[in-house]
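Q: Hello! Could you teach me how to read charged side chains in a protein model?
A: Gladly; let us look together.

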Amino acid sequence: MLKPLHVTVRTPNEDEVVLVASGDFDIRSADEIAVAVSEAEAAGPRRLVLDLSDVTFMDSVALAVLIGARERARQRGAAVLVRAGQGPVRELLRIVGLTD
């Protein structure tokens with residue numbers, strides 16, 4: 001069963017933006033996260049945290065969004081921290097080198 005993606009944004013301080021996502025992160029929902037990431041990047045934080053602990057599914061489009069965010073952060077001297085829960089999503093993120 002498909003689980004719609006839900007994204008919330010928190011700004012604990014001026015140097016950090018936290019995006020918390022839950023549900024399926026795939027081709028159907030990648031634009032939603034891409035927009036949220038772009039808006040967060042525009043704020044110029046030193047650290048962008050992508051909390052994917054409650055993401056239940058990811059595909060290659062989702063990985064491309066995350067890899068792009070990490071590369072853009074590196075170019076501007078910032079960091080991206082990806083948090084994952086347990087199971088297949090965490091394993092996928094570990095394999096591609098995106099987990100903390």
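A: Start with accessibility: buried means under 20% relative accessible area, exposed over 50%, and partly exposed in between (1.4 Å probe, protein chains only). Here, Glu71 is partly exposed at 32%, whereas Arg74 is exposed at 54%. This is a predicted model, where local features need pLDDT of at least 70, side-chain atom pairs count only at pLDDT 80 or more, and totals for chains, interfaces and linings use all residues. Residues are numbered from 1 along each chain as its sequence is written, and side-chain values use heavy atoms, leaving out hydrogens and water.

Q: How many salt bridges does a search of the whole structure find?
A: A salt bridge is a side-chain nitrogen of Lys or Arg within 4 Å of a carboxyl oxygen of Asp or Glu. The search finds 7 of them. One joins Arg74 and Glu71, at 3.3 Å from N to O. Another joins Arg94 and Glu91, at 2.6 Å.

Q: Where is Asp59 found?
A: Helices (H or I, at least four residues) and strands (E, at least two) are DSSP runs, numbered from the N terminus. Asp59 sits in the loop between β3 (47–58) and α2 (60–75).

Q: Which side chain of opposite charge is nearest to Asp59?
A: For charge, Lys and Arg count as positive and Asp and Glu as negative, while His and the chain ends are not counted. The nearest one is Arg28, 7.2 Å away, and the buried Asp59 has no salt bridge. Arg28 does form a salt bridge with Asp24, with the closest N and O atoms 3.9 Å apart.
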